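Here are a few friendly notes to help you find your way around. Have a look at the structure first, then read on.

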Amino acid sequence: MDEQSGDSSRQRPFVFIASLRRTGSTVLSEALTELPYSFIFREPRLDMNWFNLKASDDAQLREFGIDLVAFARRHRLAAFLSRRLGIGEAYMINAFKKDLLPKLRTSVQQVGIKEIRLRNWRRYHLHFPHMRILLTGRDPRDIYLSLYFRTTSGQGSWSGPYTPETVADHLNDEFSRQLEMYDTGACMKVRYEELASDPDAVLRQAISFTDSPIPSVGPIGGFTGTAPGRSVEHELHGKHITSKRAFRWKTEQDRSLVMEAQRVFDLMPDY
């Protein structure tokens with residue numbers, strides 16, 4: 001089936017949510033996921049020749065006859081050799097497209113992926129040249145604060161020194177890749193602040209842009225409700241998109257921390 005064909009049974013565009021950290025990408029992926037209409041994988045890292053299998057994804061898709069564990073087992077050795085030998089850099093994306101995606105599309109109308117590591121985004125684009133890309137962003141001061149509190153609580157995945165300079169370098173690097181995507185493919189920008197303040201309007205735009213078949217916004221809060229280390233977020237937001245963390249830097253009481261966050265902002269003039 002052609003991605004661009006026009007009837008109700010057409011193959012929907014592949015969705016790629018390309019995100020900076022702590023910019024609302026998880027809740028956006030949840031909002032655009034509603035089985036059997038659509039399913040967005042959260043950070044499978046296929047572009048790095050991995051398949052980051054999440055038990056909740058496997059459980060949901062098993063109800064539709066999709067066995068993610070079996071898929072991972074079939075390709076584990078070849079993916080390992082590809083990483084170890086530095087060959088077949090897009091092996092897992094190709095395996096996903098050729099082996100798993102046809103099975104998914106027998107039950108799910110639209111499939112997509114969300115990633116926060118964007119270095120190899122062109123590998124996705126090579127296999128899905130007509131994909132619809134959602135670029136998520138947020139005030140860098142709030143990204144810094146959000147990452148800071150997750151890192152100091154031992155729940156984040158940051159490696160190395162956590163300073164305004166290292167965070168700004170990381171964000172500028174990933175933002176440059178978002179700019180590449182914007183110049184290359186069909187993109188929609190999703191600002192965290194707009195999503196938080198007017199989720200209905202932003203999600204309507206995202207649903208239209210991605211040609212999503214979902215009849216209503218997907219269930220929100222499932223990931224934070226079950227993931228270790230996300231209980232604070234779940235208690236804060238529950239099953240809703242809220243503005244409780246928008247413009248966090250304006251209400252933060254630790255002024256030295258706010259000054260560090262401002263330093264990140266100043267080091268990102270193009271953002």
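The points below go through the sheet, a helix lying across it, and a pair of helices.

1. Please keep in mind that this is a predicted model.

2. A good place to start is the sheet. It is open and built from five strands, which run in the order β2-β3-β1-β4-β5 with parallel pairing. At the edges you will find β2 (38-42) and β5 (186-191), each of which pairs on one side only. From one strand to the next, the twist averages 20°.

3. Now look at one end of that order. Strand β4, residues 132-137, pairs with β5 in the parallel sense, and six bridges join the two. If you would like a single pair to locate, take Gly137, whose bridge partner in β5 is Arg191.

4. Next comes a helix that touches several of these strands. Helix α7 (residues 164-184) lies across β1 (15-19), β4 and β5, and runs at about 145° to β4.

5. Elsewhere, two helices pack together: α3 (residues 68-85) and α4 (residues 91-104), at an angle of about 160° and with axes 10 Å apart. The two are therefore roughly antiparallel to each other, as angles over 145 degrees count as such. The crossing of α3 past α4 is right-handed.

6. Which residues of α3 and α4 make the contact? From α3 come Leu68, Phe71, Arg74, His75, Ala78, Ala79 and Ser82, while α4 supplies Tyr91, Met92, Ala95, Phe96, Asp99, Leu100 and Lys103. Sorted by character, the residues of this contact are nine nonpolar, two polar and three charged.

Terms used:
Residues are numbered from 1 along each chain as its sequence is written. This is a predicted model: local features need pLDDT of at least 70, side-chain atom pairs count only at pLDDT 80 or more; totals for chains, interfaces and linings use all residues. Side-chain values use heavy atoms; hydrogens and water are left out. Two strands pair if DSSP finds at least two bridges between them. Helices (H or I, at least four residues) and strands (E, at least two) are DSSP runs, numbered from the N terminus. Axes are lines fitted to C-alpha atoms, for helices over the stretch in contact, and angles run from 0 to 180 degrees between N-to-C directions. Contact means heavy atoms within 4.5 Å. Angles under 35 degrees count as roughly parallel, over 145 as roughly antiparallel, 65 to 115 as roughly perpendicular and the rest as oblique. A crossing is left-handed if the near helix is turned anticlockwise from the far one by less than a right angle, and right-handed if clockwise. Ala, Val, Leu, Ile, Met, Phe, Trp, Tyr, Cys and Pro count as nonpolar, Asp, Glu, Lys and Arg as charged, and the others, Gly among them, as polar.
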